Amino acid sequence: SSFHFSSFFSETTVSSKEVDKNGQPLLFLSVPQIKVRSFGQLSQLVFAAKDAKLKEAQACIEANRDPVVKILGSDYSTMKEDSGALNILHKITNGDDVENETKTNIALLLKQLDLHLLNDTLRRISPQTRLNPVPVKDDTELLKSFWGKGEQSVLESTEFTSDRGFSFSDGCGEMRYVWAKPGDAEAPCVTCGAQGVLFPGGRTDDEGKIDYETKGEVYKDLVTFLKEKLGKFSENMSKQEIRFSEEQQKNQTDEVPKKEEADVICKAVSGTDKSKLEKNQINFGKSQMARRLEPSLNWRTTVDRKNRKISVKESQEEKRRGKLGKTRASVSSGRAQLSCKSVDKAEETISESSSESEEDEEPPDHRQEANADLPSEYWQIQKLVKYLKGGNQTATVIALCSMRDFNLAQETCQLAIRDVGGLEVLINLLDTDEVKCKIGSLKILKEISRNPQIRRNIVDLGGLPIMVNILSSPYKTLKCLAAETIANVAQFKRARRLVRQHGGITRLVALLDCAQNSVEPAQLSLYETRDVEVARCGALALWSCSKSYSNKEAIRKAGGIPLLARLLKTSHEDMLIPVVGTLQECASEENYRVAIKAERIIENLVKNLNSENEQLQEHCAMAIYQCAEDEETRDLVRLHGGLKPLASLLSNTDNKQRLAAVTGAIWKCSISKENVTKFREYKAIETLVGLLTDQPEEVLVNVVGALGECCQDYENQVIVRKCGGIQPLVNLLVGINQALLVNVTKAVGACAVEPESMVIIDRLDGVRLLWSLLKNPHPDVKASAAWALCPCIQNAKDAGEMVRSFVGGLELVVNLLKSDNKEVLSSVCAAITNIAKDQENLAVITDHGVVPLLSKLANTNNDKLRCHLAEAISRCCMWGRNRVAFGEHKAVAPLVQYLKSNDTNVHRATAQALYQLSEDPDNCITMHENGAVKLLLDMVGSPDQELQEAAAGCISNIRRLALAAEKARY
């Protein structure tokens, strides 16, 4: 019934109304046979089979052992001895056969189907043993050296039968039959086949005929079979095992295939080589599965020295021809590239982003040595490049497809393309009008551009401007491939600059203008899916380019932030990763952080923290880490429920990169006290303490930073102590990582506020370790250590004695007042304030010259330094004639100016210092002359009680001096 309207029926036959050019029906059914001459009729036939489709397909394949030959002719046979691939390529190149192009396209489609089936089959058969004739022959010949008679002999004899030749026979897989006489048993007949070594029935009668029916299991090689089946052989062979292994290894090392078939398109595939079968091969030639040894890392070239010289000579001649045959467009692009290089040199001094660290150094240019042992792929790729240079459009497409069959992830294949001038050809193909050639070229460039040397070669050859122009192509496939290749190439500064200078940033941003934003992937049409892919590739390229500050600004000015914000609402994870990655890179700039808040991007970042994709979680957490420097952003993360998923992600410690991003986000969010309260509810503090050991430094920096912020709260200080966090924190004080030392000193200082924690820190010698960090060459470490010492001195039991016990410690602190770093000066002044509470220590630092050094700092406009400097001066006034000394070193007049500051803390500290200094008459006169009385009168009415008392006391001292002077006058 399926063929009722399109076929003729008779009693015994059915024939289609459609016929071929010879008048033969395209479908003819005569029970029990059926003949089909077109794919359309074949499709109808399979559809009519309904539930029996698989059986019909199996019957079709069994009846047509080589269907490609039936369809396309004998030139496309996969079983013939002489490969016809080169002949086909020559015919297409010379235009001798107009039908070959159509046949080739059909062959490509059939091969794709075949490879899908091969990939599935390979997963099942790859664990099975596969033998080649040469190893079997070698093992058999090697066993002859162990012939002998007697108790210690391994074998008495081995003998080949004459039934089969030493090769694959009839496609069945048998290679040879061997008689092996062990000396203590009857000689068994062994079948050596592609599947392994197996056991047939043996001789059936006195005439010596063999029963070929297989019995028993299959063994991986001849020696294993004999050891398993023959007891004496196994016993004696164990004594000879070392010798046999050495001989066998020597044979494998010395063995070189005698002849390499000139098969360029067909790649050799061994039975166990899974990676090659998984590539999309176009194998028109004979499968060489039976002619190759198993692949190894020590492949030797199969081309002898003479042939290699000829090949090199031919490739050099073709390279010269290729250079002469370049189009004007390529010449003009080369000239443009030369001018761009001069601009690049002038711009080398432009500062780039701090994230721009990879591949900024030029790698050494690696060239293959002329006489080096190279795999056959190296020479096959060179021949393919020859066809790329001299062939017509069809030959070029076939050569490009064949080149993609090679493992282009291997450096040998990548450098083979470059060494023979293939990069120039591939880049020139991008300047043609043939879309298929452009697609093929870009697919290859996309793969090989992962190699750092190839990236730089592409830039040197002027490939980037051409790819940037392709971004404006109407063909979406070309846009995608060009953007992905740019993403690979733009991994170093010069390439990123070139993309920007040729208008690439604007065009890449335009690719983000995808119509869909929230449609589920399963609901997209084909065209919508392509639009999404174009946007994804554009985001991928922008991600690479965004490592440069100038490119970040270019993306922002081109309107990239609203488009990235829109794409962030999509549900396509493949899209989200490069989009979030781009935002993460750009969020290091203040302008971007403002725009991210304005576009409400934080909400979507928090949403994607709940994704199942670990890479997406990592980039979202890193983007939050970058943005959470701003208080409003930290509040947004909390309001949108982002703190709970961050806390929950701490429990998965396998992915270290994600863990570093998550702990970084928690660190920055912990700067807000409200967030710290939430983290305590989610038990994040205990988890963070558990991460203080056995973690990489990038994780530890963030974990300790987060604990340093959380421990500003007394409750969290207790939690850290109870969870055993003090000891691992103190242990980290001996590290050398600057960022880690800054954070761990802050965390230890925060914990030292809690008395019981301070006892533990003192017992673990933590204070001495902090004091030793004052010698660190990095100013940030010095400042952080000095700040941490303040609570330690305040809360230690016998603080004065503890400080004096550090040999040279007080002198070290005083000398730090000579620093130029404002943060170091502020922290040291704060430490001196606490040290000076002990009279003996105050006397020591006075002897070390603390007064003139503090006086020298008085002329500063930094309110933080003013506050701690005034406190230090106030404390130091309480020893000897330090009050007078401060006046002599001109410290009083600048202090009066501190009262004009807008900071209440500065007012309080300054009033206390002036109160102490006003005990000296000369200082009172200086204060009065500089207008201190009026400023202090305003502060007497301050709500701050300490400020009131200090101001009033200072005014009182000045007033008493004035009264005494007036009495003395009269």
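Which residues of helix 26 are buried? The close-ups below start there; keep in mind that this is a predicted model.

**View 1. Helix 26, a mostly covered helix.** Here are the buried residues of helix 26: Met575, Leu576, Ile577, Pro578, Val579, Val580, Gly581, Thr582, Leu583, Gln584, Glu585 and Cys586. That makes 12 of its 14 residues tucked away as buried.

**View 2. Helix 26 from end to end, residues 573–586.** With 14 residues at 1.5 Å a residue, helix 26 should span 20 Å. The end C-alpha atoms of helix 26 sit 20 Å apart, so expectation and model agree.

**View 3. A nonpolar patch on the surface, about 620 Å².** Leu29, Val31, Ile34, Val36, Phe39, Leu42, Val46 and Ile71 make up this patch. Two elements give two or more residues each to the patch: strand 4 (33–36) and helix 1 (39–49). Helix 1 chips in the largest share, with 3 residues.

**View 4. Zooming in on Phe39 of helix 1.** Phe39 is one of the residues making the nonpolar patch, and it lies in helix 1. So is Phe39 buried, partly exposed or exposed? Its relative accessible area is 46%, and between the cut-offs of 20% and 50% a residue counts as partly exposed, so Phe39 is partly exposed.

**View 5. Residues 595–622, a stretch with a UniProt label.** The unreviewed UniProt entry places a "coiled-coil region" at residues 595–622. In the model, that span is 75% helix and 0% strand. The end C-alpha atoms of residues 595–622 lie 17 Å apart.

Terms used
Residues are numbered from 1 along each chain as its sequence is written. This is a predicted model: local features need pLDDT of at least 70, side-chain atom pairs count only at pLDDT 80 or more; totals for chains, interfaces and linings use all residues. Side-chain values use heavy atoms; hydrogens and water are left out. Patches are made of residues with over 30% relative accessible area and no salt bridge: like charges are joined within 9 Å, nonpolar side chains (Val, Leu, Ile, Met, Phe, Trp, Tyr) within 5 Å. Accessible areas come from the Shrake-Rupley method with a 1.4 Å probe; for residues, only the protein chains shown count as cover. A salt bridge is a side-chain nitrogen of Lys or Arg within 4 Å of a carboxyl oxygen of Asp or Glu. Helices (H or I, at least four residues) and strands (E, at least two) are DSSP runs, numbered from the N terminus. Buried means under 20% relative accessible area, exposed over 50%, partly exposed in between (1.4 Å probe, protein chains only). The expected span of a helix is 1.5 Å times one less than its number of residues. UniProt positions are given in the numbering used here, feature names are shortened, and annotations may be inferred rather than shown by experiment.
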